[in-house]
Amino acid sequence: MSSNTDLGSKTIEALGHYRDALATVENLEREEASAHQALSSLLPDLGRALLEGSPSPKRSLFEIGSVAVLRSDEAWTALSEATAKLDTARLTLAALEQQLGYIPGVSIAPGDPA
């Protein structure tokens, strides 16, 4: 019985880690999408500045574009790392669920096989 209690506690803890990792991934997905959108909306302005040949707006837009690219790259890197943590948490939770036979505190939806 103590073994099931310990396993149940570990499963609840793993579920918490999974939920935290999922929330992190969701937030980083939004951040990456925002950075990508900022970069995408900047590209037409940068293109016009390059065609016009005006050095001042061109430099400013280039600097803004560089920051947007850096922001997007950082968000993508963080998202990749967070996705790896989410996958690890998912695998841990799945293994514990298989050992215990259920996830404590998570009800089974009607019609789901028990």
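Okay, let's start with one residue: Arg90 comes out at 40% relative accessibility, so we call Arg90 partly exposed. Before I go on, keep in mind that this is a predicted model.

So what does Arg90 pair up with? The side chain of Arg90 meets that of Asp87 in a salt bridge, with 2.7 Å from N to O. Asp87 has 35% relative accessibility, so Asp87 is partly exposed too. Both sit in helix α2, and because they're three residues apart there, about one helical turn separates them.

How many salt bridges does the structure hold? Two. The other one I want to show you is between Arg71 and Glu31, whose side chains meet at 2.9 Å, again N to O. Here Arg71 belongs to helix α2, residues 55–100, while Glu31 belongs to helix α1, so this pair ties together parts that are 40 residues apart in sequence. As for accessibility, Arg71 is at 30%, which means partly exposed, and Glu31 is at 32%, so that's partly exposed as well.

Now step along to Glu32, which is also in helix α1, residues 2–52. Is Glu32 buried or exposed? Buried, and yet Glu32 has no salt bridge. Why not? A salt bridge needs the nitrogen and the oxygen within 4 Å, and the nearest side chain of opposite charge to Glu32, that of Arg71, is 9.5 Å away. What Glu32 does touch, leaving out residues up to four places away in sequence, is Ser72, Ala75, Trp76 and Leu79.

Let's look at α1 as a whole. With 51 residues at 1.5 Å each, α1 should span 75 Å, and the C-alpha atoms at its ends are 75 Å apart, so the two agree. There is a bend of about 30° in α1 at Leu43, and a proline, Pro44, follows within four residues. Just after α1 you reach Gly53, which takes a positive phi of about 75°.

Finally, zoom out to the chain. You'll find two helices and zero strands. The radius of gyration is 23 Å, well over the 13 Å the globule rule gives for 114 residues, so the chain is more spread out than a compact globule. Along the principal axes, the C-alpha atoms fill a box of roughly 75 × 30 × 15 Å. Of the 114 residues, 25% count as buried. And if you take contacts between residues at least 6 apart in sequence, 79% of them join residues at least 24 apart.

That's my tour, thanks!

Technical notes: Residues are numbered from 1 along each chain as its sequence is written. This is a predicted model: local features need pLDDT of at least 70, side-chain atom pairs count only at pLDDT 80 or more; totals for chains, interfaces and linings use all residues. Side-chain values use heavy atoms; hydrogens and water are left out. Buried means under 20% relative accessible area, exposed over 50%, partly exposed in between (1.4 Å probe, protein chains only). Lys and Arg count as positive and Asp and Glu as negative; His and the chain ends are not counted. Contact means heavy atoms within 4.5 Å. The expected span of a helix is 1.5 Å times one less than its number of residues. The bend at a residue is the angle between axes fitted to the seven residues ending there and the seven starting there. The radius of gyration is taken over C-alpha atoms; the globule rule is 2.2 Å times the number of residues to the power 0.38.
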